[in-house]
Amino acid sequence: MKKNLPKKWVQNLKILDVALQPILNIHTGRIFAVEALLRNYEEVGFSSIFDLFDAVYEDNLLYSFDLKLRKKAIKKFIEIDGYEKMKLFYNLDNRLLEMPDFSHGNTLKLLERYGMDKKTICFEISERQEISNTPKIQEVLAHYKEEKYCIAIDDFGVGHSGYKLLYDSKPDIIKIDRFFLTNIDIDSKKKLMSRSITHLALQLGIKVIAEGIETKEELLACRDIGCHFIQGYLIQKPTKKAAEILQEYPNITHILTSEKRTSFGNYKIESYLDKNPSLCIDTEMGTVIKHFQKNPHIEIAVIVNTINEPIGILLESKIKEYIYSPYGRSLMTNSTTMKLKLKNLLQPCGITEVTANMSTIIELFSNNPESVGIILTNNAKYYGFLSARAIISIMNEQNLLYAREQNPLTKLPGNSMIEKYLYEVSTSQEFYILCYLDLDNFKAFNDVYGFRNGDRAIILFADILKKNLSQEFFKAHIGGDDFFIAIQSSYEDEQKQIDAIMKIVKKFCDDTRELYLKEDKENGYILSTDREGNKKKFPLLSVSASVLMVRSSSKKRDVDTLNEIFSFQKKVAKQEANHISISCML
C-alpha cells in the first residue's frame with residue numbers, strides 16, 4: 001500500500017521539476033522519444049540526483065516518492081506537440097522492489113488516467129549504479145518485462161554485469177555509455193568496442209541508442225557502426241519547456257541528408273577520395289614533369305579541360321622514362337610536340353557524379369579491365385579520384401557491414417536495413433508493395449517441439465522467401481517469427497506480386513507439416529499451454545501476411561504512419577480465412 005509522504009517530501013516535490021531531452025532516429029532525424037530528467041534537486045538541498053534518491057531510500061519512501069515523480073514526468077510529456085507518436089523514457093532506481101509499500105499496477109493506473117498507452121513508456125535501469133545484490137536488478141527488469149513494459153539499460157558498458165544482463169533478461173533497448181562515444185570518429189579502440197556492443201545487440205534483436213552525442217563526426221560514426229538512435233547536446237540540451245521539443249531537428253536532418261548526397265548508398269567515401277589537384281589539358285609538359293617530381297607519392301593526375309571538366313587521366317608510369325631521362329625531358333618539352341605528346345599520353349577513365357550509387361561505380365570500374373579507378377564529379381566538375389584500391393576496400397567493407405546487419409539464424413537483413421528501406425519508401429514517390437509476415441502458432445510449436453525445431457521452422461520460411469521471390473524483392477527478418485518483404489512495383493505488376501506473396505503463405509503451410517509427428521499431422525493440431533497457463537488445442541503452423549500498397553499518389557507515407565497501419569492490419573490478417581490482409585494507402 002502506498003504511503004502518504006511526510007510534509008518535507010511533499011514540499012520537495014513541489015520544487016522538483018522535469019526536463020526533457022529528445023532521442024532521434026539516426027537515419028531519418030525524426031523524434032523517437034524523450035527522456036525525463038530530474039531538475040531542481042540542488043534547490044531542495046542535494047548535490048546530485050543520487051544523493052536525493054539515497055535520502056528517500058533511507059526514509060523508506062522510495063516507491064511512493066517515485067510514483068509522484070512518474071506523474072510529474074507524464075504530465076510534462078503530454079504537453080509535447082505530437083507526444084502520441086513518441087516514447088517517454090523514465091529512469092528507475094534499482095532499489096524500488098525493496099520498499100515495503102511496493103505494489104503492482106500503479107503505473108498502468110497513471111497511464112490510463114492521462115490517456116496513454118502502456119507501450120508509450122520505457123523504463124531505464126542504469127548499469128552504472130553499483131548494487132550489492134546483483135539479482136535485485138534482474139528482479140526489477142523481470143518485473144517490468146512481465147508487466148509488458150519496454151525496458152532499456154542505460155550507461156551500458158561501464159558496469160560489471162552488462163553482458164550478463166543481456167543474457168538473463170534481454171532488454172528492448174540499450175544505451176551505449178558516453179565514455180565509448182566521445183571522439184569515436186578518431187579513436188579506433190572506442191569505435192571497435194562500440195561496434196562490438198552494437199553488433200551483439202543487433203544479433204539479439206536489441207535496439208541501440210548512442211547517448212551524449214556532441215559532434216557531427218560522432219553522429220556519423222555512430223550511424224556507420226549500426227546504432228538506431230541518438231541523444232545528446234548536438235540535438236538539444238534538456239529543456240523544462242515541452243513546447244521546445246520538436247518533431248524534427250533541422251541541424252540533424254541537414255547532416256544526414258548532406259551525407260547522403262556524398263555517399264554510395266549511405267556509405268561514406270570522403271575518407272577514400274583522392275583530391276589531388278587536376279592538370280589542365282593545356283598545361284605545358286615541363287609543368288607536368290615538375291608536378292610529378294614535387295609529388296612523388298602521386299601516381300595518377302586527372303586531366304581536365306578549361307572549365308574543369310575531366311577528360312581522362314595521366315599515369316606517372318607512362319611518362320617516368322621521360323621524367324628521369326635528360327633526352328626524354330627535352331623531347332617532351334619541345335614546343336612543337338607539347339600538346340600532341342600530352343594528348344597522346346592521356347588514358348580514358350570512367351567518370352560519374354559523386355552522388356552515384358555503388359553499383360554504378362562497380363559497373364564503370366569493371367567494364368574496363370585496365371581501369372585504375374574512377375573520376376568523380378560534382379555538377380560535372382572535377383571533384384576527386386577513387387582508386388581501384390579504394391573501390392575494392394569500400395566493396396569489402398560494405399560486404400562486412402551487410403553481413404553484420406544480417407540475422408545470424410536466417411542470414412537475411414535485419415531491423416536497421418528495414419528501417420532504411422522504409423525511410424526510402426517514405427521519401428519517394430514510387431509505387432511500393434510492403435508486406436509484414438508473422439508465423440502463426442509459433443510459440444505453441446516451439447514449446448512442444450523445442451527450440452531447435454523452432455529454429456528449423458524459421459529457417460524453412462526464410463528459405464521459402466529466398467527461393468520463391470524474385471531478386472527484386474527486399475527480404476528481411478525482423479526477429480523471432482516476424483519477417484518483412486517489399487518491392488518497388490508498378491500498377492501493371494500489382495496482381496503478380498500479390499500472387500507471389502499468396503504462394504509463399506500456402507507453401508509454408510504445406511511444407512511445415514513435415515516438421516510434425518504423424519499423429520499431430522493427422523489431428524491437425526497440437527496440445528500446448530497458452531499464456532495464461534491453460535491447456536488448449538493449437539492449429540499447425542501457418543503464416544499471416546499483411547500487405548500494404550503504397551501508391552505514387554499516396555500522400556501520407558511517413559514511417560510512423562506505415563508502422564501504425566501494419567500494427568493494426570496484422571491483427572486483421574490473422575482473422576482472415578486465407579491469412580492475408582490487403583490494403584492501400586490513400
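What follows is a walk through this structure, from the whole chain down to one loop residue.

The model is a predicted one, so local features are taken where pLDDT is at least 70 and side-chain atom pairs at pLDDT 80 or more, while totals for chains, interfaces and linings use all residues. Residues are numbered from 1 along each chain as its sequence is written, and side-chain values use heavy atoms, with hydrogens and water left out.

Let's start with the whole chain. Its secondary structure comes to 22 helices and 23 strands, where helices (H or I, at least four residues) and strands (E, at least two) are DSSP runs numbered from the N terminus. Of the 586 residues, 51% are buried, with buried meaning under 20% relative accessible area, exposed over 50%, and partly exposed in between (1.4 Å probe, protein chains only). Take the contacts (heavy atoms within 4.5 Å) between residues at least 6 apart in sequence: 68% of them join residues at least 24 apart.

Now to the sheet formed by 5 strands. It is open, mixed in its pairing, and ordered 18-19-17-22-23; two strands pair if DSSP finds at least two bridges between them. Strand 18 (474–479) and strand 23 (580–585) sit at the edges with a single partner strand each, so one side of each has no neighbour in the sheet. On average, neighbouring strands here are turned by 20 degrees against each other, direction ignored. For angles like this, axes are lines fitted to C-alpha atoms (for helices, over the stretch in contact), and the values run from 0 to 180 degrees between N-to-C directions. At the strand 23 end, strand 22 (residues 542–550) runs parallel to strand 23, joined to it by 6 bridges; L548 has S583 in strand 23 as its bridge partner.

Two helices lie on this sheet. Helix 22 (residues 559–575) touches strand 17, strand 19, strand 22 and strand 23, and its direction makes about 140 degrees with that of strand 22. Helix 20 (residues 494–511) lies across strand 17 (432–440), strand 19 (482–488), strand 22 and strand 23, at about 165 degrees to strand 22.

Helix 22 deserves a longer look. At its start, a side-chain oxygen of D558 comes within 3.3 Å of the backbone nitrogen of D560. Further along there is a kink of about 25 degrees centred on Q569, the bend being the angle between axes fitted to the seven residues ending there and the seven starting there. Q569 is also one of the buried residues of this helix, along with T561, L562, F566 and A573. These buried residues pack against helix 17 (415–427) as well as strand 17, strand 19, strand 22 and strand 23.

Helix 19 (residues 451–468) has its own buried set: N453, G454, A457, I458, F461, A462, I464 and L465. Why might such positions recur along a helix? An α-helix has 3.6 residues a turn, so residues three or four places apart point the same way. The cover over helix 19's buried residues includes strand 17, helix 18 (442–449), strand 18, strand 19, helix 20 and strand 22.

That brings us to T410, in the loop between helix 16 (388–404) and helix 17. Is T410 buried or exposed? At 4% relative accessibility, T410 counts as buried. Leaving aside neighbours within four places in sequence, T410 is in contact with I458, A462, K466, H477 and F483.

Finally, look elsewhere in the chain, at strand 5 (residues 150–156), where 7 of 7 residues are buried. Strand 5 pairs in the parallel sense with strand 4 (residues 121–126) over 5 bridges, and with strand 6 (residues 173–176), also in the parallel sense, over 3 bridges.

Definitions and conventions: A polar contact is a pair of N or O atoms within 3.5 Å; within protein, one must be able to donate a hydrogen and the other to accept it, and residues adjacent in sequence count only if both atoms are side-chain atoms.
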